[in-house]
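Open the model in your viewer and keep the selection panel at hand. The tour below goes from one selection to the next.

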Amino acid sequence: MESSAPGKVILCGEHSVVYGYPAMAAPVMGVRCRAWVEAAASGSGLSLVAVDLGERLALRAAPPDQPLAALARLVLAHLGCEEPDAVLTVHSDLPIAGGLGSGAAVSVAAARALAGFLGVTLSPAALSALAYEVEKLHHGTPSGIDNTVIAWERPVYFVKGQPPEVLAIPAPLRLLIADSGIGAVTREAVAAVRQRREAHPAYYEARFAQIGALVSAARAAWEQQDLPTLGQLLDANQALLAEIGVSTPRLEALITAARQAGALGAKLTGSGMGGNIIALVTAEGMPAVADALRAAGAVHVWQTITE
Ligand code: MEV
């Protein structure tokens, strides 16, 4: 039984989404986490293998906060099933700590594979809810946008605590994703913003509200296929993310390189403090921007089209 789940990019609205403002995200269909389950000897219980981390552990011996074990326990409880004699293996093409949703992608792919092995197809809403519980272990106070967009595999307009709006967009977006090569720990970035917001509430609330308004405008621009306006809104979002302290010189260098090479807009994506940037490009402009990003030191550049 093999399953997979995509990575994700946040188009706009990261961080403010944690405080109830809207955000938009899209799945990255071509960069995925895979999970598969094979039957094992009777009485062996469930073993968990994380190929990329070189980890293998028995569910019975795993601590409560081990993410894959927590996910497996949640799936078994949700289905009302006993622990099967099997091996659940996960392998991800997504960079860990890159802001591309690797944690949620592992959870969704693993939940799909384990439920499938037990004869059940889980709905996107059920997968998202299960993965959200594990996101809390990874990230502390997640908004839920990562598990949502990854479980639905569709672009979403998301407000914390509300059912996601799956976007019916007239045409896909062409994006470049460039990896700064510096790890971004979401839990730490979100905690740092929270601390600064507690110290300077008016400053942070003003910027979160501006980001929220910009996300609504970006949705309209996307729906109307007004890509130059959408690009400007991504740039404006980046300026506000820098003001709340989550950009870095390395991310700024990649963003500047993309804009100078003709990107319609560029910004960090995810928690910032490292990780990846996205650049909105046209089909003709894509090769020059990709070259510029590599020349500016991106350790990996993905070309993707939101679907
Ligand atoms: C992480 O992909 C995006 C953040 O807004 C955190 C969250 O939404 O949970 C930084």
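The stops that follow concern the ligand and the residues around it.

This is a predicted model, in which local features need pLDDT of at least 70 and side-chain atom pairs count only at pLDDT 80 or more, while totals for chains, interfaces and linings use all residues. Residues are numbered from 1 along each chain as its sequence is written, and side-chain values use heavy atoms, with hydrogens and water left out.

Select the ligand and its shell, taking residues with a heavy atom within 4 Å of it. There are 13 residues around the ligand, and Lys8, His15, Pro142, Ser143 and Asp146 come nearest. Colour the shell by type: 6 residues are nonpolar, 4 polar and 3 charged (Ala, Val, Leu, Ile, Met, Phe, Trp, Tyr, Cys and Pro count as nonpolar, Asp, Glu, Lys and Arg as charged, and the others, Gly among them, as polar).

Next, show polar contacts (pairs of N or O atoms within 3.5 Å). The side chain of Ser143 has an N or O atom 2.6 Å from a ligand oxygen. For Lys8, a polar side-chain atom is 3.0 Å from an oxygen of the ligand, and Asp146 also places a polar side-chain atom 3.0 Å from a ligand oxygen. The protein covers 97% of the 300 Å² of accessible area that the ligand has on its own (Shrake-Rupley method, 1.4 Å probe).

Finally, select domain 1 (2-166) and domain 2 (174-305), bounds that come from an automatic or database assignment: each gives at least three residues to the shell.

Methods
A polar contact is a pair of N or O atoms within 3.5 Å; within protein, one must be able to donate a hydrogen and the other to accept it, and residues adjacent in sequence count only if both atoms are side-chain atoms.
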